[in-house]
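Biologist: Please take a close look at a single part of this model, one strand and its surroundings. I would like one connected account.

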Amino acid sequence: MNIWILSDESSWINHYLEDLCQSAVNNGHVVHWVHKVAELGCGDICFLLGCGQMVPEHKRAGFNHCVVVHESDLPRGRGWSPMTWQVLEGKRKIPICLLEADEKVDSGVVYLRSFISLEGTELVEELRQKQAKETLKLVETFLLNFETLRENGEPQIGESSYYPRRSADDSEVDPERTLLELFNAFRVADNERYPVFFRHLGKEYQLRISLRSKDD
């Protein structure tokens, strides 16, 4: 098959997509990996992975299927950064779906559902590692069982809900709360791009977290 992958140029998942591309090539597929909607050509499948860009209908029409992976129990939890929001909610079993991209965000037919299991101790890099592992597993399963799965997609049923887009300001914490109360906020924070911070006496202070090695 002629496969295209679209991911944002700055997405953390790019680190993991090289293995996906190589695996697809080894299985006889032709793979194109781009970072801008304008660079998309035409083909059999387009995977939108780590992609915050809107892909218009005329671009999606160039593919038999345009597919996205989303970490929620759809139709609940549509929208932005669903895994981050659920970790902040204290969840340790995060649903993840592979679905058809549609004009309305995260509303398409669902082809595969799975879960990401958490221990409640993972920091952002380990969260991303687990998310990427399950994402690639869903993509590879879809490719291996393409003919069957494409015919058995399930429309989303039930009331939908939406997570809002996150910004750096969402990493602000209340210094009056305990560390344990704030722990999930530390877990999802990127120490370099959007570290946890708090305000005190008119100034802003950043806080960073890392796992202490037993050898330290």
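Modeller: Two strands count as paired if DSSP finds at least two bridges between them. The model is predicted, and the part chosen here is strand β4, which spans residues 63–70.

On one side of the pairing list is strand β3, residues 43–48, which runs parallel to β4 and is joined to it by five bridges. Within this pair, G43 has F63 of β4 as its bridge partner. The other pairing to describe is with strand β6, residues 93–100: here the sense is antiparallel, and four bridges link β4 and β6. In that pair, V69 stands opposite L98 of β6.

As for exposure, β4 is mostly covered, with seven of its eight residues buried; buried here means under 20% relative accessible area. In a regular strand, side chains alternate between the two faces of the sheet.

Strand β4 also contributes to the largest pocket: β4, α3 (82–88), β6 and α4 (124–144) each supply at least two residues of its lining. The largest share comes from α4, with five residues. The space in this pocket is about 1400 Å³. Its lining comprises 48 residues, and those nearest the centre of the pocket are G50, C51, G52, W80 and S81. By class, the lining divides into 22 nonpolar, 14 polar and 12 charged residues.

Taken together, β4 pairs with β3 in the parallel sense and with β6 in the antiparallel sense, and both β4 and β6 supply residues to the lining of the largest pocket.

Key: Residues numbered from 1 in each chain as written. Predicted model: local features only at pLDDT ≥ 70, side-chain atom pairs only at ≥ 80, totals over all residues. Heavy atoms only, no water. Buried < 20%, exposed > 50% of the residue type's maximum accessible area, 1.4 Å probe, protein only. 1 Å grid on protein atoms, 1.4 Å probe; cavity = no way out; pocket = protein on both sides within 12 Å on 5 of 7 lines; lining within 4 Å. Points joined across faces, edges and corners; volume = space filled by probe spheres on them. Nonpolar A, V, L, I, M, F, W, Y, C, P; charged D, E, K, R; others polar.
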